Amino acid sequence: MLTNPDPQTQAPKKEAVVIKKYANRRLYNTETSTYVTLEDLAKMVRGDRDFVVYDAKNGDDLTHAVLTQIIVEQESREGGQALLPIPFLRQLIRFYDDSIARMVPSYLQFSLENLAKEQTRFREQLASAFSNPAAAFEFYQQQARQNMAMFEQAMSMWTSFGSPAGGKPGEGSSPAATTETTGERSELNELKSQLSAMQQKIEKLSQSRT
């Protein structure tokens, strides 16, 4: 009896397309041998086609800079939908000089990955938001709390790697390692406080709409 092959075996993920960026800011797709625009690259991202961008002259990796340019262009499109609200942008700017700045990328990536996994359920909740806004806000708050709980658990597992097996955090470790672990806990507590304040604002907004 024939069985269907494993989808992952049947369709392996393609290698990232190499994009070269020239001094005149033109982008060249080495896979299709054509020049492309930022919008073309945005379509590739939406189509789950990965790419990397290199400087055509010195080979520097420009992927982060180009992806940021795509976001700026998408956010500034006339008539388009902005995904980054002004309060979020202001807070993000503040984080650049904050002691917990190094934790922000991991938390944002963790949250977005979880959102992608739950996008079907979120769409259903969004559809019901027009008939029951209070329930929709409660769902978003609950999801935020779950995200934070999972992130805390992940951080706890990560920090525990610095401790000897069977020992308490900091026991038997160097003073520097203990100080670093304490600093990480302090940063996590600060992040929790800020998220709690944000959640309270959401709850007030929810109550004002009921």
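**Exercise 1. The nonpolar core**

Task: In this predicted model, find which residues make up the largest nonpolar core and which elements supply them.

Solution: Begin with the members of the core, which are Val-17, Ile-19, Leu-27, Val-36, Leu-38, Leu-41, Ala-42, Met-44, Phe-51, Val-53, Val-66 and Ile-70, 12 residues in all. Next, assign them to elements: those that give two or more residues to this core are β1 (17-21), α2, β4 and α3 (63-75). The largest share, 4 residues, comes from α2. As background, in soluble globular proteins nonpolar side chains tend to be buried together.

To see the surroundings of one member, take Leu-27, and leave aside its neighbours within four places in sequence: Leu-27 is then in contact with Ile-19, Lys-20, Lys-21, Thr-34, Tyr-35, Val-36, Thr-37, Leu-38, Leu-41 and Val-53.

**Exercise 2. Two polar residues**

Task: Decide whether Asn-29 is buried or exposed, do likewise for Thr-63, and list what each of them touches.

Solution: Asn-29 is found in strand β2, and because its relative accessible area is 4%, Asn-29 is buried. Not counting residues up to four places away in sequence, Asn-29 touches Val-17, Val-18, Ile-19, Thr-34, Val-36 and Met-44.

Thr-63 has its place in helix α3. With a relative accessibility of 13%, Thr-63 also counts as buried, since buried means under 20%. Once the neighbours within four places in sequence are left aside, Thr-63 is in contact with Phe-51, Val-52 and Val-53.

**Exercise 3. The salt bridges**

Task: State how many salt bridges a search of the whole structure finds, and describe how accessible their residues are.

Solution: The search of the whole structure finds 2 salt bridges. In one of them, Glu-31 pairs with Arg-49, and the closest N and O atoms are 2.6 Å apart. This pair links distant parts of the chain, for Glu-31 lies in the loop between β2 (27-29) and β3 (34-36), while Arg-49 lies in the loop between α2 (38-46) and β4 (51-55), 18 residues apart. Arg-49 counts as buried, because its relative accessibility is 18%.

A salt bridge also joins the side chains of Glu-39 and Arg-46, at 2.9 Å from N to O. Here Glu-39 has 22% relative accessibility and therefore counts as partly exposed, whereas Arg-46, at 53%, counts as exposed.

**Exercise 4. The two sides of a helix**

Task: Determine which residues of α5 are buried, and where they sit around the axis.

Solution: First consider the helix as a whole: α5 (residues 104-117) has 14 residues and reaches 20 Å from its first C-alpha to its last, close to the 20 Å expected at 1.5 Å a residue. Then pick out the buried residues of α5, which are Val-104, Tyr-107, Ser-111 and Asn-114. Because they cover an arc of only 105° around the axis, they are on the same side of α5. An α-helix has 3.6 residues a turn, so residues three or four places apart point the same way. On the other side of α5, Pro-105, Leu-112 and Lys-117 are exposed.

**Exercise 5. The chain as a whole**

Task: Describe the elements of the chain and how much of the chain is buried.

Solution: The secondary structure comes to 8 helices and 4 strands, running from the N terminus as α-β-β-β-α-β-α-α-α-α-α-α. Of the 210 residues in the chain, 21% are buried. The chain exposes about 15,600 Å², and carbon and sulfur atoms supply 56% of that area. Finally, among the contacts in the chain with a separation of 6 or more, 56% are between residues 24 or more positions apart.

Definitions and conventions:
Residues numbered from 1 in each chain as written. Predicted model: local features only at pLDDT ≥ 70, side-chain atom pairs only at ≥ 80, totals over all residues. Heavy atoms only, no water. Salt bridge = Lys/Arg side-chain N within 4 Å of Asp/Glu carboxyl O. Buried < 20%, exposed > 50% of the residue type's maximum accessible area, 1.4 Å probe, protein only. Expected span 1.5 Å × (residues − 1). Arc of directions from axis to C-beta. Core = buried A, V, L, I, M, F, W, Y, C linked by side-chain atoms within 4.5 Å. Contact = heavy atoms within 4.5 Å. Areas by Shrake-Rupley, 256 points an atom, 1.4 Å probe, with all protein chains shown as cover.
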